[in-house]
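Visitor: I'm new here. Could you show me around and tell me how each label is earned?

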Amino acid sequence: HLADFDNPPVVETVLSLQFDKLSAMQTVHLGLLWRRVKDRFPKTEERPPLPQVFERFPEPLGRGGNLQFEATETPEMPRLWLLNTAGTEMIQVQRDRFIKNWRKAADKDHYPHYEPIIKPAFQRDFYEFQAFLAEENLGTVNVNQCEVTYVNHIVSGHGWETFDELHRIFTFWEPTPDPIPGRTDDCRVHARFTIRADQTPIGRLHVDIQPALRTTDNQPMYVMNLTARGMCGTGFDFFDIGRQWIVRTFEQLTTRHMHDIWRKK
């Protein structure tokens, strides 16, 4: 059983497949792909490509082995953003990645949930991408890493007021009674957890918590990012495992007080 909330603080979800580089793909092919889906994704933007990232076991010394860079004389091909009119759905494509985002663009937008909407929408668009690759003879996708990310904006005024009230939000924090060091000004957290299947490491869960101000009204908030990255089986079998780890970890690290605010079912 996974926790479910009527009003969760999630503002963005990301499903990402990283794969071996499609060397035959050129920038012109991104335009052909857009023409194929422009009725649903009429807006476009260009961004620099993301580097390849792997979760390795055992981990290289200095943790420098997670990012992988490749020296090449071929000009760098951009990462293409394809957005729907409302800005709530986005596809990102580059030579070695296919990414699908859901984003909360307005207060009226509600998290559509993983099973009925987010995963099927990813599958639909990824299969369309595979069909495009086949028609253009650009090769096949050989997945080498999967990634699931949930971004949460835990905004003040809903169960807490100031950055020092961490204990009202997170289960891992208790204020100290002594005046030294006293109450914290704010808190930044980065924690990593090994994801295992039958005692075998298959990935990691990264939890990042940062204080911030909401851009629309300067309201204090904590941004809580949970990213599960790894590989299990073939294709995107890891997605369900990563999402389970994210939901259960979010429930364990946040308080019952906040669960009531978010209307836990």
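Guide: Here is a short tour in questions and answers, and please keep in mind that the model is predicted.

Visitor: Let's begin with empty space. How many cavities of 30 Å³ or more does the structure hold?

Guide: Two of them. The largest has about 40 Å³ of space, and the second largest has about 30 Å³.

Visitor: What makes a space like that a cavity?

Guide: A 1.4 Å probe fits inside but cannot get out. In general, rolling a probe the size of a water molecule over the atoms shows where empty space is left.

Visitor: Which residues line the largest cavity?

Guide: The lining consists of L33, V37, L82, I91, V93, F98, D125, E128 and F129. At least two lining residues come from each of α1 (27-37), β6 (89-94) and α2 (114-135). The largest share belongs to α2, with three residues.

Visitor: How does that lining divide by class?

Guide: Seven residues are nonpolar, none is polar and two are charged. Asp and Glu count as charged, and the lining includes D125 and E128, so those are the charged ones. Leu, Val, Ile and Phe count as nonpolar, and L33 and F129 are among the lining residues of that kind.

Visitor: And what lines the second largest cavity?

Guide: There you meet S16, Q18, V53, R97, Q145, C146 and E147. Both β1 (10-19) and β8 (143-155) supply at least two of the lining residues, and β8 gives the most, with three. By class, this lining has two nonpolar, three polar and two charged residues.

Visitor: What makes C146 one of the nonpolar residues there?

Guide: Cys is on the nonpolar list, so C146, which is part of this lining, is counted as nonpolar.

Visitor: Now the backbone. Where are the cis peptide bonds that join F57 to P58 and I180 to P181?

Guide: P58 sits in the loop between β3 (52-53) and β4 (67-68), and its cis bond with F57 has an omega of about -5°. P181 is in the loop between α3 (166-169) and β9 (189-197), and the cis bond from I180 has omega near 5°.

Visitor: What is notable about the phi of Q199?

Guide: Phi is positive there, about 70°, although Q199 is not a glycine. You'll find Q199 in the loop between β9 and β10 (200-213).

Visitor: Is Q199 buried or exposed, and how do you know?

Guide: Exposed means over 50% relative accessible area. Q199 has 69%, so Q199 is exposed.

Visitor: What about N218, with its phi of about 60°?

Guide: That phi is positive too, and N218 is not a glycine. N218 lies in the loop between β10 and β11 (220-230). Its relative accessibility is 54%, so N218 counts as exposed, the cut-off being over 50%.

Visitor: Last stop, the helices. How is a packed pair described?

Guide: By the angle between the two axes and the distance between those axes. For α2 and α4 (residues 238-253), the angle is about 140° and the axes are 12 Å apart.

Visitor: Why are α2 and α4 called oblique?

Guide: Roughly antiparallel would need an angle over 145 degrees, and roughly perpendicular runs from 65 to 115. The angle of about 140° fits neither range, so α2 and α4 are oblique to each other.

Visitor: Is their crossing left-handed or right-handed?

Guide: The crossing of α2 and α4 is right-handed.

Terms used: Residues are numbered from 1 along each chain as its sequence is written. This is a predicted model: local features need pLDDT of at least 70, side-chain atom pairs count only at pLDDT 80 or more; totals for chains, interfaces and linings use all residues. Side-chain values use heavy atoms; hydrogens and water are left out. On a 1 Å grid over the protein atoms alone, a cavity is a set of points where a 1.4 Å probe fits but cannot get out, and a pocket is an open set with protein on both sides within 12 Å along at least five of seven lines; lining residues have an atom within 4 Å of a point. Grid points are joined across faces, edges and corners, and a volume is the space filled by probe spheres set on the points. Helices (H or I, at least four residues) and strands (E, at least two) are DSSP runs, numbered from the N terminus. Buried means under 20% relative accessible area, exposed over 50%, partly exposed in between (1.4 Å probe, protein chains only). Axes are lines fitted to C-alpha atoms, for helices over the stretch in contact, and angles run from 0 to 180 degrees between N-to-C directions. Angles under 35 degrees count as roughly parallel, over 145 as roughly antiparallel, 65 to 115 as roughly perpendicular and the rest as oblique. A crossing is left-handed if the near helix is turned anticlockwise from the far one by less than a right angle, and right-handed if clockwise.
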